[in-house]
Amino acid sequence: MGSWDTGPFHNDAAVGIAEHFDSLFPAELPPWLHRLFDVAVAMPEGPLDTDMAQEVVAAAAVIASQCTDGSDVNLNSGPREPVPPLPTDLRPKASTALDRVLAHADAEVDRWYVRERGEQWLGNVQRIRLILADPASAPEPAAPRPQRRVFAGQQLLRDRFGVEDALDLHTRHPQGSPAHALADLLERQSYEVDTLDRELRAMAARAGEMLAQVAEGKHGAVQTNGILRFTGVELETLGARFALANRDLQELANRYEYAVASGTDHAAAPRSAAARTRTTPSAAAEAEPPPAVAAPTASSHRTPRP
């Protein structure tokens, strides 16, 4: 089952849900959550697939955590970035989806190697369901939350093309056009740059924490198996990879701008049509006039030998 504890996010399926919360833009979260709960409710009668049940519980836990009584919902191993306030119409859907899980709770508990641990997990799920069902659990007025951190790849797309994501570039061009293909490459490369940027910042933050301990007089932190020495090498390597990836992203952005500016923003002709143009004699004749034949000159006539 891939579970290491009894919290909503203490399993492999829920880790994927946490990554979705961190990677999607705020406007994309409600539609995604609606689909997640709708699919679970629409499944045939009987126990849900274990992964689906765990995904429903994890998503419902985030929604419950924004309710008045949800401050104690365990979100350990959950989303790393602050989740923006979610619309209240998600709560009844989350409750209905949780009812599908709880209707066959015994089957879920039986999957645990130690039944007591499974019962603890069930108690956590029932607690989430109660929070969602409580009339007093309506969210308090939304307090401003920190904006999601923008990393280098996304920042470049925002500065140069005015978009939040390379997916927005796809919609500007027809499928099969050079600009559409370059937008696809931009999406992949910007994601790689963002990933390296995120890793660099995290590694630098860890090194900063160790140095801060030394600055406070905790000198043992600098003698822990040469951690700082290895961290420096890793930072340099990661920094070099980031510089190369960022350079490639800049070059792709230049190629994309050129493709749009040069008027090649159209779909390529189907290969079959091009082949017909090349192989059909009438089409070739219309496409290219016959070569001009030079008129014979007097010097070109020769008297045949007797």
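This report describes selected helices, a loop and a segment before a helix in a predicted model.

**Helix H4 and its surroundings**

Helix H4 covers residues 90–103. At 1.5 Å a residue, its 14 residues should span 20 Å, and the end C-alpha atoms of H4 are indeed 20 Å apart, so the expected and modelled values agree. Several residues of H4 are buried, namely Leu90, Arg91, Ala94, Ser95, Ala97, Leu98, Arg100 and Val101. The cover over these buried residues includes helix H2 (29–42), H3, helix H5 (105–110) and helix H6 (115–133).

**Packing of H3 against H6**

Two of the helices that help to cover H4, H3 and H6, also pack against each other, with their axes 10 Å apart and at an angle of about 45°. That angle makes H3 oblique to H6, because it falls in neither the roughly parallel range, under 35 degrees, nor the roughly perpendicular one, 65 to 115. The crossing of H3 past H6 is left-handed. On the H3 side, the residues in contact are Gln54, Val57, Ala60, Ala61, Ile63 and Ala64, and they meet Trp121, Val125, Ile128, Ile131 and Leu132 of H6.

**The loop between H3 and H4**

Serine 77 lies in the loop that joins H3 and H4, and threonine 88 is found in that loop as well. Serine 77 has a phi near 70°, a positive value in a residue other than glycine. Most residues other than glycine have a negative phi. Threonine 88 is 21 residues from cysteine 67 in sequence, and their C-alpha atoms are 9.4 Å apart in space.

**The segment before H1**

Asparagine 11 is located in the segment before helix H1 (12–23). A polar atom of the asparagine 11 side chain lies 3.4 Å from the backbone oxygen of proline 8. The side chain of asparagine 11 also reaches the backbone nitrogen of alanine 13, at 3.4 Å. The asparagine 11 side chain thus has polar contacts with the backbone of proline 8 and with that of alanine 13.

**Accessibility of the individual residues**

The table lists the relative accessibility of the three residues discussed singly above.

| Residue | Relative accessibility | Class |
|---|---|---|
| Asparagine 11 | 2% | buried |
| Serine 77 | 42% | partly exposed |
| Threonine 88 | 43% | partly exposed |

Asparagine 11 counts as buried because its 2% is under the 20% cut-off. Serine 77, at 42%, counts as partly exposed because its value falls between 20% and 50%. Threonine 88 is likewise partly exposed, because 43% falls within those limits.

Definitions and conventions. Residues numbered from 1 in each chain as written. Predicted model: local features only at pLDDT ≥ 70, side-chain atom pairs only at ≥ 80, totals over all residues. Heavy atoms only, no water. Helix = DSSP H or I, 4+ residues; strand = E, 2+ residues; numbered from the N terminus. Buried < 20%, exposed > 50% of the residue type's maximum accessible area, 1.4 Å probe, protein only. Expected span 1.5 Å × (residues − 1). Contact = heavy atoms within 4.5 Å. Polar contact = N/O pair within 3.5 Å; in protein donor to acceptor, adjacent residues only side chain to side chain. Axes fitted to C-alpha atoms, helices over the stretch in contact; angles between N-to-C directions. Parallel < 35°, antiparallel > 145°, perpendicular 65-115°, else oblique. Left-handed = near helix turned anticlockwise from the far one by under 90°.
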